[in-house]
Amino acid sequence: MTETAERFHPTKQDRFTFGLWTVGNRGRDPFGAAVRPTLPPTTAVERLAELGAYGVTLHDNDLVPIDATPGERQAIVGDFQQALADHDMRVPMVTVNLFYDPVFKDGALTSSVPAIRRYALDKAKAAIDLGHQLGAETFVLWGGREGSEVDAAKNPLDAMAWYRDGVNALTEHILTNRYAIRIAMEAKPNEPRGDIYLATTGAMLAFIATLDHPEVVGVNPEIAHEKMAGLNPCHSVAQALSAGKLFHIDLNDQKPGRFDQDLRFGSDDPKGAFYVVKLLEEGGYEGPRHFDAHAYRTEDMQGVFEFAHGCMRTYLILKDKVVRFEADQEIQGLLQSIRTRTGNADAFDRETWGAVGYAYERLDQLVMELLLGVR
Ligand code: GCO
Ligand code: MN
Ligand code: MN
């Protein structure tokens with residue numbers, strides 16, 4: 001290994017995790033078929049462990065098919081647990097698939113059909129049970145189909161009430177069973193629905209305050225989803241952190257204003273990724289660094305693991321840049337002088353402060369040079 005490779009080599013202490021669906025993504029899109037073979041969950045565990053990951057996360061149906069019998073389920077989960085033990089891998093988060101099966105085409109917890117809402121709730125409870133069995137501390141709830149194209153079809157006030165009832169029932173389930181699990185709600189503005197309810201992390205935070213047990217519910221912001229909404233992910237993550245609600249995070253990248261790209265972490269906007277890493281490392285976030293992204297459709301399986309390795313390496317390189325940022329005398333001096341530029345608060349002079357230059361051009365250029373590796 002070269003010196004740089006060793007320096008940015010992921011280890012268990014870094015707590016990097018990947019969804020089974022990320023490295024398992026077969027490159028299917030609305031215009032083309034799968035380009036890669038199915039990746040068995042046990043192989044994903046093995047390969048990610050080799051790369052230095054801490055664990056994997058999963059939807060119920062990434063592991064257990066939706067139509068599995070109880071016996072089949074037991075065998076599959078047993079084999080999977082064996083693979084986890086063999087490779088010293090954890091499952092810190094599980095989630096539920098309430099979007100793939102045709103039954104959910106007009107929503108799951110917000111379906112206007114009571115029987116579908118009940119089915120969705122039972123499926124989510126079973127996924128929470130699976131999470132408990134696998135030792136997960138977080139249950140992510142992403143309402144991919146909770147939305148609409150036709151607002152005449154469903155009163156959004158009813159949808160909010162059904163959504164609230166659903167999440168309340170899930171917290172009841174967790175509390176009654178005394179599970180050490182918290183729910184993390186994930187927002188997305190659109191895709192697969194024309195519009196998804198509670199479109200941003202900020203909207204989720206406001207919704208959580210209306211629940212029966214808000215203390216058990218936080219958020220799982222995703223970089224790409226905030227960007228799809230035209231927002232600054234760092235600010236969304238900061239709002240969640242400062243509310244004590246950053247229970248989990250989905251790291252990836254995205255060009256704003258496009259379809260859901262799920263790009264390798266930091267690959268589109270390294271500077272934006274730097275500020276997210278800075279926030280996580282300095283803001284007291286203790287959860288796993290979870291990647292929810294996938295390899296380009298051009299890649300074979302080697303490219304998939306190149307992608308996974310790249311996510312972790314970029315995180316570690318940016319983490320190193322955070323240390324350099326704090327140690328950089330010119331950057332720190334500039335920050336200090338910006339704050340104290342013209343004397344004390346007692347002699348406050350409005351016009352002087354109005355005329356002052358903040359030197360942010362210099363500051364930003366210094367950060368650019370730090371990130372580009374010439375500082
Ligand atoms: C997406 C979402 C999903 C969720 C996952 C967890 O845009 O498809 O980000 O990947 O994170 O389903 O519930
Ligand atoms: Mn996600
Ligand atoms: Mn996503």
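I looked first at the lining of the second largest pocket, where helix 6 gives the most, with 6 residues. This is a predicted model, so I kept local features at pLDDT of at least 70 and side-chain atom pairs at pLDDT 80 or more, while totals for chains, interfaces and linings use all residues. I number residues from 1 along each chain as written, letter chains from A and number ligands from 1 in written order, and use heavy atoms for side-chain values, without hydrogens and water.

Helices here are DSSP runs of H or I, at least four residues; strands are runs of E, at least two. A pocket is an open set of points on a 1 Å grid, with protein on both sides within 12 Å along at least five of seven lines; lining residues have an atom within 4 Å of a point.

I noted a volume of about 240 Å³ for the second largest pocket. Of its 15 lining residues, those closest to the centre include Asp 60 and Arg 73. Helix 4 (60-63), helix 5 (70-86) and helix 6 (114-134) each supply at least two lining residues.

Next I checked the manganese ion (ligand 2). Its protein donors are Glu 186, Glu 222, Asp 250 and Asp 292, at 2.0 to 2.2 Å. Donors are N, O and S atoms within 2.8 Å of the metal (3.2 Å for Na, K and Ca). Glu 222 bridges this ion and the manganese ion (ligand 3), and the two ions lie 3.8 Å apart.

I then looked up burial. Both Glu 222 and Asp 292 are buried, meaning under 20% relative accessible area with a 1.4 Å probe, protein chains only.

Notes:
Buried means under 20% relative accessible area, exposed over 50%, partly exposed in between (1.4 Å probe, protein chains only). On a 1 Å grid over the protein atoms alone, a cavity is a set of points where a 1.4 Å probe fits but cannot get out, and a pocket is an open set with protein on both sides within 12 Å along at least five of seven lines; lining residues have an atom within 4 Å of a point. Grid points are joined across faces, edges and corners, and a volume is the space filled by probe spheres set on the points.
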